[in-house]
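Here are a few exercises to work through with the model open beside you. Try each task before reading its solution.

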Amino acid sequence: MSKNIKTEQPLSVTKAWKAALYIRLSREDGDNRESYSVTSQREILTQYAKQQEDIEVHDIYIDDGFSGTNFERPGFQRMMDDIYAGNVNCVVVKDLSRFGRNYTETGKYLDDIFIRFNIRFIALNNGYDSFAGNMNSATQCVTLGVTNVINESLAATTSVNIRGTLDASRKKGEFIGSFACYGYKKDPNDRHRLIVDEEPAEVVRMIFNLFISGKSVIGITRELNKLGILNPTDYKHSQGLNYRANSNIGDKGVWCEQTVRRILKNEMYIGNMVQGKNTNMSYKIKKCVAVPKDKWIIVEGTHEPIIDKAIFEKAQGLFNSNTKITKATNAVDKFAGLVKCADCHRAMGKKTNCHDYGTYVYYRCVTATKISKDACSTHSIRYDKLEEAVYITLRTLIDMALDIEQFVYEVEQKTERQKEINLYQRTKSQYTAEVEKLKRHALSLYPDWKDGVISKEEYTSLKADINEKIEALEQKIKSVEEKEQEMQDKDIRKNEFIKHFVEYADIGELTRPMLVELVDSIYVHREGNITINFKFQDAFEEALKYLEDMKRKVGTDNALIA
């Protein structure tokens, strides 16, 4: 313990004691909060001190909102500084649990430090006074030890109960944090529900839009700082919130890459409640540690999304492929991480050659240079040739997806499938109309009964009969809806290949988001040929098979695909 400590001579029990009245209160006190309140403790301790002729109050030390499982409390540490300085030689608490709930640490102070520095310790509710001459020392030690163990056990049990309660709330999708994540705020009518905070939400949308358009995380960070937009920490401060970032980065008034990256990966922005990402090591050690992602508590659809799910998923795809950025634009090269050698399967390097006759850019395999000449042979392809070949291939696939979608749509208008869907819809409308008619009839029965047109027995019988018919019709409606949905789910336009490729129908050039979404890898062969492995290959084959089946059904031999 590195402190300048003033030693003292043993004190006589008749000498006036310079007392520290110590008060502590924390959330762990639960239903006892009123009885343990700061005001209550202060009154009890000061009243006791006034009644003691040999005790003089030096100061009152308060820790409001601090756990008793550790002693890293500002009030307690200030008290200890006064003890070490010789200003205090007596400590008075309402009961032992106010002093501490950690058996080991409490014992260290009471059985070691306080004894060595002749500190008198008084716990009123426990009837304990370390300098009371009429108390049996052995009995005191046993009683004090048992009380310490009980207090620590209570802290452990309370900690488990609180965690269980909080986890139950998390699993119900209730927000239990002190501060909402950037872009949201707590609903003033329900603190467990989040609503959109439009000003920062617009910044979140801008971050996602910049990212999927090809801007790097570094580039986005610089753009935010250039525009002078308040970072999440400063924004919360501007709203009067007493928020402190977990790291010092957020306190410097600037955006950092870590903050932008965390926003881009946060599922909260698509309406999912994500909690339980961090936890304390134990009820004694308050150090926060990360929880593995598979242990997070995620509840979908708990609040209004800021970002569309498709945009969020596209951003995650970009994260998985992002590599180096172009310094001039702060953007990631559109082919980064996708171009590979067909022989060694390693990523190819992008090179720029400048000559008197011009500048050209190309990709080449660097395995032979970096590893050994025998590891791989030279493979290369000019950037403009690569770009042209990939664009033509993807444009062909996009047009194919559009043609399949249009062909299937036109054909399905003439097939039994569409007729079945139309029949289900007409049947459902008929059943629904009958239900409404019966409900109107049921409403008219009550006035007839009251007017004496029908008896009470007739009213009861007729109403029961109508309710039975309504229930039967509602079951039929449910059955028809299920069959209709089954037919709708077979819609080829929901095919992943068609859905993703049709999205780029109006594209005029290759873009980074387009490549990341549609292309898995591009292999360059020794002769300069390329193989493009595009995503949704299984869905593509499924679409072709469905197309052929549809063509047979309508008896056409038009070949859509050469």
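**Exercise 1: Two helices that meet**

In this predicted model, V204, I207, F208 and F211 of α6 meet V260, I263 and L264 of α9.

Task: Find which residues of α6 are buried, and work out how the axes of α6 and α9 are arranged.

Solution, step by step:

1. Start with the helix itself. α6 covers residues 198-212, and its 15 residues reach 21 Å from first C-alpha to last, close to the 21 Å expected at 1.5 Å a residue.
2. Next, pick out the buried positions: P200, A201, V203, V204, I207, F208, F211 and I212. Seen down the axis of α6, the buried residues fall within an arc of 165°, so they line one face of the helix.
3. A reminder helps with this pattern. An α-helix has 3.6 residues a turn, so residues three or four places apart point the same way.
4. Now bring in α9, residues 257-264. Its axis and that of α6 come within 10 Å and cross at roughly 90°. The two helices, α6 and α9, are therefore roughly perpendicular to each other.
5. Finally, look just past the end of α6, where G214 has a positive phi of about 115°.

**Exercise 2: A helix with two sides**

Task: For α1, say which residues are buried, which exposed residues sit on the face turned away from them, and what covers the buried ones.

Solution, step by step:

1. α1 runs over residues 38-51. It has 14 residues and spans 20 Å between its first and last C-alpha, close to the 20 Å expected at 1.5 Å a residue.
2. Its buried residues are V38, S40, Q41, L45, Y48 and A49. They fall within an arc of 165° seen down the axis of α1, so they line one face of the helix.
3. Turned away from that buried side is a face with the exposed residues T39, E43, K50 and Q51.
4. The cover over the buried residues of α1 includes the strands β1 (17-25), β2 (55-64), β3 (90-93) and β4 (120-123), along with helix α3 (96-99).

**Exercise 3: Inside the nonpolar cores**

Task: Which residues of the largest nonpolar core touch the most other members, and which element gives the most to this core?

Solution, step by step:

1. The largest nonpolar core has 42 residues, of which F335, V390, L394, F497 and F501 touch the most other members.
2. Several elements supply at least two residues each, among them β14 (339-341), α12 (383-412), α15 (496-502) and α17 (537-553). The element that gives the most is α12, with 11 residues.
3. Take V390 as an example. Beyond its neighbours within four places in sequence, V390 is in contact with F335, L510, L515, I522, I530 and I532.
4. Do not stop at one core: a second, separate core of 35 residues includes A180, Y235, V274 and F312.

**Exercise 4: Buried or partly exposed?**

Task: Are I466 and E405 buried or partly exposed?

Solution, step by step:

1. I466 is in helix α14 (residues 456-489). With 4% relative accessibility, I466 counts as buried.
2. Leaving out neighbours within four places in sequence, I466 is in contact with L438, H441, A442 and L445.
3. E405 lies in helix α12. Its relative accessibility is 24%, so E405 counts as partly exposed.
4. As a last check, E405 and N495 are 90 residues apart in sequence and 9.7 Å apart in space, C-alpha to C-alpha.

Definitions and conventions: Residues are numbered from 1 along each chain as its sequence is written. This is a predicted model: local features need pLDDT of at least 70, side-chain atom pairs count only at pLDDT 80 or more; totals for chains, interfaces and linings use all residues. Side-chain values use heavy atoms; hydrogens and water are left out. A nonpolar core is a set of buried Ala, Val, Leu, Ile, Met, Phe, Trp, Tyr and Cys residues joined through side-chain atoms within 4.5 Å. Buried means under 20% relative accessible area, exposed over 50%, partly exposed in between (1.4 Å probe, protein chains only). Helices (H or I, at least four residues) and strands (E, at least two) are DSSP runs, numbered from the N terminus. Contact means heavy atoms within 4.5 Å. The expected span of a helix is 1.5 Å times one less than its number of residues. The arc is that of the directions from the helix axis to the C-beta atoms. Axes are lines fitted to C-alpha atoms, for helices over the stretch in contact, and angles run from 0 to 180 degrees between N-to-C directions. Angles under 35 degrees count as roughly parallel, over 145 as roughly antiparallel, 65 to 115 as roughly perpendicular and the rest as oblique.
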